[in-house]
Amino acid sequence: MRTPAPDARPVALTIAGSDSGGGAGIQADLATMTAHGVFGTSAITAVTAQHTRGVESSFALPLEEVEAQIEAVTGDFAVGAAKTGMLATTEIVQLVADQAPAFEFPLIVDPVMVASSGDRLLEPEAERAYEDLLSAATLATPNADEAEVLSGIEVTDLESARDAAETILETGVDAVLLKGGHVPGETVRDVLVTADGTRTFEHPRIRTDATHGSGCTLASAITARLAKGEPLEVAVEGATDFLARAVRYYSDVGEGHGAVNHAVELRNAAAREPTAEAVQAVVDRFVAADVSGLVPEVGVNVVGATPYAESIAETAAVEGRITRTLDGVQPNRGVRFGASSHLADFLVSAREYAPDLRFAVNCRFDEDVERALETLEWPVAETDRSTDPADVFGDRETRPVAVIDRGDVGKEAMTRLVAEEPETLADRLLTLDAEVKE
Ligand SMILES: Cc1ncc(CO)c(N)n1
């Protein structure tokens, strides 16, 4: 028999409703906990028939069954943190409020009242019972509408958000994270208020309605991080960053707006090795074909971004670039993440507007290259220091495959090729090389 190799992980608990649509509720919570390396347990309060367009029906479980689930989990597991989501009825809110003082772990209360589709998920009478539950909680995570219900203060800006959060603190909850997603503006500001003060977490707003599951995902990310032992502010910062990516790279599922992507970080991490291998394969083709004729003074680099890359650290490139040798071209060192600065920065900026672009290579620019590009009739864009990447990559119809920079005093002229796939990138450079040699 084989020796088992147990994997001990922190445990988190979600007390929430089931979303048959998978984006929100228990399904979002468990996926988010898994994505954080935490073992997720659950107590289901209600079953909803739901999809990306709305809630078709909702059925609250008998109180004893909710209680039995919470007791089953807390009586056996070393729960590190718990969260509540949809609690559906006054009785369930009251049940959790009665149990919460005995919890030996932090409790995050996401006071779910209305789904992003506009459908109610809590009976209106239950709103008052939340005060009891909050008195035993570590953190409440209301959105602007829920904060208004809980505090009586309409949240329209930072100041009213702080006022509402401070009013909610009077219930006895240790901290309030008032989420800014529902407050208009180019920047989303989530305000964390505790007895010690206020801290704001800012993210550029993402132009999408695919926010189904965002509240559940944020609260679960905080819960998972607290279960792992992160201090509250660190957990909130990490969780808001996690959600920003989950929204930008949302799951385009269902006929409605889609759902947040709980797996982005996991998938991005898993894509690192294949991305580095793809860059290496492109480099190998350039070495085999000997692209010496296209190598500029500064050398050639090949950069590959993981599918959800937003920083240079998430791009792989040749350390020391590819340079000319006596017989052909050679990479100076291996492929490593964060090895390129210029070309990687170019690719990361392009990805702000063309997020499916994943690979780039730079090469020489001169009259021969310009002539070859004209013959090939590729879409070409021209940039200089002042060009905004939005103008180059913003429109999918006119997206260039080559971007030329004619250079400046002390700055070598350069061609950059981009592609969605590594093979396409290599084909393009080799085609250009052949055309230049014509
Ligand atoms: C089950 C469930 N919980 C929470 C939300 C909030 O989005 C939802 N839509 N469905």
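Me: In which sense do strand 10 and strand 11 pair?
Reply: Antiparallel, over three bridges. Strand 10 covers residues 302-305 and strand 11 covers residues 315-318. Keep in mind that this is a predicted model.

Me: Which residue is the bridge partner of V303 in strand 11?
Reply: A317 is the partner of V303 there.

Me: What sheet do they sit in? How many strands form it, and in what order?
Reply: Seven strands form an open sheet. The order is 14-11-10-15-18-17-16, and the pairing is mixed.

Me: Which strands stand at the edges?
Reply: Strand 14 (335-337) and strand 16 (380-382). Each has a single partner strand, so one side of each lacks a neighbour in the sheet.

Me: And the twist? By how many degrees are neighbouring strands turned against each other?
Reply: On average 20 degrees, with direction ignored.

Me: What holds strands together in a sheet, generally?
Reply: Strands pair through backbone hydrogen bonds, in parallel or antiparallel fashion.

Me: Back to this one. Which strands does helix 11 lie across?
Reply: Helix 11 (residues 342-353) lies across strands 10, 11, 15 (359-364), 17 (402-405) and 18 (414-419). It runs at about 40 degrees to strand 10.

Me: What about helix 14: which strands does that one lie across?
Reply: Helix 14, residues 422-437, lies across strand 10, strand 15 and strand 18. Its angle to strand 18 is about 140 degrees.

Me: Switching to the N-terminal side. How many residues are there between strand 2 and strand 3 in their hairpin?
Reply: Two residues. Strand 2 (residues 39-51) and strand 3 (residues 54-60) pair in the antiparallel sense over six bridges.

Me: Which residue in strand 3 is the bridge partner of A49?
Reply: S57 is the partner of A49.

Me: Which residues of helix 3 are buried?
Reply: I92, V93, L95, V96, A97 and Q99.

Me: What do those buried residues pack against?
Reply: Strand 1 (11-19), strand 2, strand 3, helix 2 (63-74), strand 4 and helix 4 (130-135). So both strands of the hairpin are among the packing partners of helix 3.

Me: Any odd backbone angles? What is phi at A88?
Reply: Phi of A88 is positive, about 65 degrees, and A88 is not a glycine. Most residues other than glycine have a negative phi.

Me: Where does A88 lie? Buried or exposed?
Reply: A88 lies in the loop between strand 4 (79-84) and helix 3 (90-99). A88 counts as buried because its relative accessible area is 11%, under the 20% cut-off.

Me: D290 too, I think. What is its phi, and where is its place?
Reply: Phi of D290 is near 55 degrees, again a positive value in a residue other than glycine. D290 is in the loop between helix 10 (272-289) and strand 10. With a relative accessible area of 30%, D290 is partly exposed.

Me: Whole chain now. How many helices and strands does it have?
Reply: The protein chain has 14 helices and 18 strands. Its C-alpha trace spans about 80 × 60 × 45 Å along the principal axes.

Me: What percentage of the residues count as buried?
Reply: Of the 438 residues, 49%. The accessible surface of the chain is about 20,100 Å², and 48% of that belongs to carbon and sulfur atoms.

Me: For electrostatics: how many positive and negative side chains?
Reply: There are 35 positive and 75 negative ones. The centres of the two sets lie 8 Å apart.

Me: Last one. Of contacts between residues at least 6 apart in sequence, what share joins residues at least 24 apart?
Reply: That share is 65%.

Key: Residues numbered from 1 in each chain as written. Predicted model: local features only at pLDDT ≥ 70, side-chain atom pairs only at ≥ 80, totals over all residues. Heavy atoms only, no water. Pairing = 2+ DSSP bridges. Helix = DSSP H or I, 4+ residues; strand = E, 2+ residues; numbered from the N terminus. Axes fitted to C-alpha atoms, helices over the stretch in contact; angles between N-to-C directions. Contact = heavy atoms within 4.5 Å. Buried < 20%, exposed > 50% of the residue type's maximum accessible area, 1.4 Å probe, protein only. Areas by Shrake-Rupley, 256 points an atom, 1.4 Å probe, with all protein chains shown as cover. Lys, Arg positive; Asp, Glu negative; His and termini not counted. Charge placed at Lys NZ, Arg CZ, Asp CG, Glu CD.
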